[in-house]
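Here is a short round of questions on one protein chain. Keep the sequence and the structure in view as you read.

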Amino acid sequence: MRKKGRFMLMIILVGLLLLSELFIWSSGRIGLINTVSRMISNAPDIEIQGKRLSYQGTVSFGDTHHLEQYASSDVGTALYKAKGTPIPPPWIYVRKDGNHFFRYKIPQIPWRM
């Protein structure tokens, strides 16, 4: 009986976490899961005009001449975009080291995507 109660408690807690993430995501903000994955990968917290960007992973480029610097974050970090993409770009890159970049995007409310 105790194992069943603990299992149900875990299911309820995971369900509440997912519901809270859905609520935060639907309001256009950055959720806990995205923040934790950004912290695990040691990516910087990037804000543009007071709006926090959503971390999307790490990418490697064989040649970085396809990227151009287009802006800087609120704290002065250089931000890159792919050449030929509009402003604001769909993906924003921050240099990690060499040819490795952290990829971000500007969070949007789901029904405005």
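Q: Which residues does lysine 83 touch, not counting residues up to four places away in sequence?
A: This is a predicted model. Lysine 83 sits in the loop between β5 and β6. Residues up to four places away are set aside here, and the ones lysine 83 then touches are His65, His66, Leu67 and Glu68.

Q: What distance separates the C-alpha atoms of lysine 83 and leucine 32?
A: The two residues are 51 residues apart along the chain. Lysine 83 belongs to the loop between β5 and β6. Its C-alpha atom and that of leucine 32 are separated by 32 Å.

Q: How many bridges join strand β4 to strand β5?
A: β4 covers residues 67-72 and β5 covers residues 78-82. The two strands run antiparallel. The number of bridges that join them is five.

Q: Which residue of β5 is the bridge partner of glutamine 69?
A: β4 spans residues 67-72, and its antiparallel partner β5 spans residues 78-82. The partner of glutamine 69 is in β5. That partner is tyrosine 80.

Q: Which residue in the hairpin of β4 and β5 takes a positive phi near 95°?
A: The hairpin has five residues between the strands. The residue with this positive phi is glycine 76.

Q: Where is proline 88, and what is the omega of the peptide bond that leads to it from isoleucine 87?
A: Proline 88 is placed in the loop between β5 and β6. The bond from isoleucine 87 to proline 88 is cis. Its omega is near -5°.

Q: Is asparagine 34 buried or exposed?
A: Asparagine 34 lies in helix α2, residues 32-40. Leaving aside neighbours within four places in sequence, its contacts are Ser54, Tyr55 and Gln56. Its relative accessibility is 17%, and the cut-off for burial is under 20%, so asparagine 34 counts as buried.

Q: Is asparagine 42 buried or exposed?
A: Asparagine 42 is in the loop between α2 and β1. Its phi is positive, about 65°, although asparagine 42 is not a glycine. The relative accessible area is 65%, and the exposed class starts over 50%, so asparagine 42 is exposed.

Q: Why does glutamine 49 count as exposed?
A: Glutamine 49 lies in the loop between β1 and β2. Its phi is near 50°, a positive value in a residue other than glycine. Glutamine 49 counts as exposed because its relative accessibility is 77%.

Q: Which class of exposure does histidine 100 fall into?
A: Histidine 100 is found in strand β7. Leaving aside neighbours within four places in sequence, histidine 100 is in contact with Val59, Ser60 and Arg95. Its relative accessibility is 35%, so histidine 100 counts as partly exposed.

Q: What separates the C-alpha atoms of histidine 100 and alanine 78?
A: Histidine 100 is in β7. Alanine 78 is 22 residues apart from histidine 100 along the chain. Their C-alpha atoms are separated by 14 Å.

Q: How many residues make up the largest nonpolar core?
A: Its members include Ala43, Ile46, Leu53, Tyr55 and Leu79. Ile92, Val94, Phe102 and Tyr104 belong to the largest core too. β6 and β7 each supply at least two residues of this core. The total for the largest core is nine residues.

Q: Which residues of β3, 54-60, does phenylalanine 102 touch?
A: Phenylalanine 102 is a member of the largest nonpolar core. Among its contacts, not counting residues up to four places away, are Ser41, Asn42, Ala43 and Pro44. Those within the span of β3 are Tyr55, Gly57 and Thr58.

Q: Which element gives the most to the lining of the largest pocket?
A: The largest pocket has a volume of about 200 Å³. Of its 14 lining residues, the closest to the centre are Trp25, Arg29, Ile30, Ser54 and Pro107. α1 and β3 each supply at least two lining residues. The most, three residues, come from β3.

Q: Which element of the protein has the highest mean pLDDT?
A: The protein averages a pLDDT of 86, and 96% of the residues score at least 70. Helix α1 has the lowest mean among the elements, 86. The highest mean, 92, belongs to β7.

How values were computed
Residues are numbered from 1 along each chain as its sequence is written. This is a predicted model: local features need pLDDT of at least 70, side-chain atom pairs count only at pLDDT 80 or more; totals for chains, interfaces and linings use all residues. Side-chain values use heavy atoms; hydrogens and water are left out. Two strands pair if DSSP finds at least two bridges between them. Helices (H or I, at least four residues) and strands (E, at least two) are DSSP runs, numbered from the N terminus. Buried means under 20% relative accessible area, exposed over 50%, partly exposed in between (1.4 Å probe, protein chains only). Contact means heavy atoms within 4.5 Å. A nonpolar core is a set of buried Ala, Val, Leu, Ile, Met, Phe, Trp, Tyr and Cys residues joined through side-chain atoms within 4.5 Å. pLDDT is the predictor's confidence in each residue, from 0 to 100. On a 1 Å grid over the protein atoms alone, a cavity is a set of points where a 1.4 Å probe fits but cannot get out, and a pocket is an open set with protein on both sides within 12 Å along at least five of seven lines; lining residues have an atom within 4 Å of a point. Grid points are joined across faces, edges and corners, and a volume is the space filled by probe spheres set on the points.
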